[in-house]
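Reader: Please discuss the architecture of this model with me, moving from strand pairing to the sheet, the ligand shell and the domains.

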Amino acid sequence: MTQNIRYVLFRELVGEIPSTTYATHGLYMYPAKFIPQVVRYVIKKYTQPGDMLFDPFAGYGTLAIEASLTNRNCVLWDLNPILHLLVRASLYTEPLTLRDLEVDFEYSETFYPRWNNIGYWHPPEFLRVLTRVWGYWHRALDDKLKPVVAIPLLKITRYFSYSDEKIAKLYKSKYAEEKVKKLLSTDWKSKMQKMYWDYTRETLEKIREYQRLKPYKINCVVKASDWGVFTSEKRIVDSINEKLDREVHVLVTSPPYLQAQEYIRSFKLELAWLGYPDDFITQLSKHEIPYNEIGEGEISSRTYEELKKEVARLNHDKLLELYTVYFNSLARFLNNNHEKVASIIAFFVGPAKIRNIRVPIDTIIREHLEYLGWKHEETLVDTIVARRLFKTQVNPATGIVDDRIPTEHLLIMRRRI
Ligand SMILES: C[S@@+](CC[C@H](N)C(=O)[O-])C[C@H]1O[C@@H](n2cnc3c(N)ncnc32)[C@H](O)[C@@H]1O
């Protein structure tokens with residue numbers, strides 16, 4: 001086993017990136033997204049201008065922004081339809097002024113989400129205005145501007161709801177109920193419009209910052225689930241069953257975490273206002289790793305087998321299922337697609353535990369890829385995260401982090417020639 005393991009600070013991996021939210025990286029919240037430095041590192045070290053990069057769990061679309069700034073092309077897949085919106089807004093290169101982003105809060109034609117439960121999330125007063133401004137978005141706004149306008153609009157929609165905006169998951173808390181009660185006793189309509197403009201200015205500034213960096217015109221293929229909202233297609237994109245129809249140079253991804261975020265549930269309010277029907281959203285969530293269904297037999301890893309015995313000893317069927325579904329899903333995706341990757345596979349994975357059992361995701365993926373014929377190139381481990389999570393576990397004599405500590409890893413594998 002090679003020992004090419006380096007302890008680094010992910011945020012300082014490359015010098016030229018000023019912050020994790022520079023340019024359009026922070027237009028909207030997205031749980032557990034890539035930090036751009038990690039993507040930039042892989043791009044600089046392992047790719048050439050014009051190369052095709054691939055992220056099958058693309059989430060926010062961090063890779064698209066970095067690819068466009070470094071003249072690489074990309075293929076992005078995700079189960080979450082919001083990827084269509086985020087990539088279009090973050091890669092916006094046309095001239096844009098505040099006037100372009102004006103909306104009508106009293107628009108005559110309303111839009112109601114196709115979700116019976118929507119009244120649980122907004123009081124009728126807010127719904128009355130939201131259905132009008134979203135009516136404007138759906139029926140009157142130029143398609144090209146829709147993704148950009150959706151950013152501030154989604155932010156106010158989330159704020160003017162019973163959902164707790166401090167928590168990514170859709171969740172009605174005491175705090176949020178209080179917030180709505182207070183808002184209703186004030187001039188909330190003016191506040192809603194003011195917030196819209198504040199968020200719009202912020203969005204515009206970020207897009208202009210991106211445009212000042214002179215992005216290249218790249219080929220960026222987005223394949224995410226949709227229901228005729230951003231594309232004419234109605235389909236569910238489940239990366240574990242999709243197959244690449246072209247060769248790519250490098251695969252760089254951060255797959256879902258084992259302690260998953262429940263992305264579809266987190267984005268349910270957004271998706272509903274954008275026009276995705278409730279039953280479609282429910283279908284989507286059934287494909288989300290690790291809540292999907294998949295048989296065993298996809299993964300080949302000794303560590304996986306050893307830990308499976310330990311997890312089985314917990315006598316907890318659900319936890320065992322989570323464990324097996326998670327790894328068999330990632331393995332099936334790799335089995336289906338690794339042959340189309342010409343040179344490098346980079347996997348960014350976070351710390352994971354099942355009860356007290358640490359699960360070294362990177363080791364398991366590494367072993368499976370070795371089985372598929374790939375060889376280990378390097379693993380980068382973030383020391384800051386390790387310190388924060390587990391205090392003084394860095395050996396003062398060597399400066400090396402205790403290898404048993406769960407932390408964030410960037411695993412890089414190279415195709416054997
Ligand atoms: C950790 S996030 C990726 C973050 C992304 N790298 C970024 O920079 O924003 C994992 C992603 O996997 C997606 N996902 C979960 N199950 C999936 C499936 N079966 N097929 C495709 N994508 C899936 C989630 O929607 C989520 O966006």
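**Strands, ligand and domains**

Reader: Which residue stands opposite Trp77 in β4?
Author: This is a predicted model. In it, the residue of β4 that stands opposite Trp77 is Lys223.

Reader: In what sense do β3 and β4 pair?
Author: Strand β3 covers residues 73-78. It is joined to β4 over 5 bridges, and the sense of the pairing is parallel.

Reader: Which strands does helix α2 touch where it packs on the sheet?
Author: Helix α2 spans residues 62-70, and its direction makes about 175° with that of β3. Its contacts on the sheet are with β2 (52-55), β3, β4 and β7 (248-253).

Reader: Why is one side of β1 and of β4 left without a neighbour in the sheet?
Author: The open sheet has 8 strands with mixed pairing, in the order β1-β11-β12-β8-β7-β2-β3-β4. One side of β1 (5-8) and one side of β4 (220-224) lack a neighbour because each strand stands at an edge, with a single partner strand.

Reader: How many residues of the shell around the ligand are charged?
Author: The ligand is surrounded by 23 residues, the closest being Lys33, Phe34, Gly59, Tyr60 and Thr62. The shell divides into 12 nonpolar and 7 polar residues, while the charged ones number 4.

Reader: Which element supplies the largest share of the side of domain 1 that touches domain 2?
Author: Domain 1 comprises 5-91 + 215-415, and domain 2 comprises 98-212. Between them, 26 residues of domain 1 are in contact with 25 of domain 2. On the domain 1 side, α3 (82-90), α9 (263-266) and α10 (268-274) each supply at least two residues. The largest share, 6 residues, comes from α10.

How values were computed: Residues numbered from 1 in each chain as written. Predicted model: local features only at pLDDT ≥ 70, side-chain atom pairs only at ≥ 80, totals over all residues. Pairing = 2+ DSSP bridges. Helix = DSSP H or I, 4+ residues; strand = E, 2+ residues; numbered from the N terminus. Contact = placed C-beta atoms within 7 Å. Axes fitted to C-alpha atoms, helices over the stretch in contact; angles between N-to-C directions. Near = placed C-beta within 6 Å. Nonpolar A, V, L, I, M, F, W, Y, C, P; charged D, E, K, R; others polar. Domains from an automatic or database assignment.
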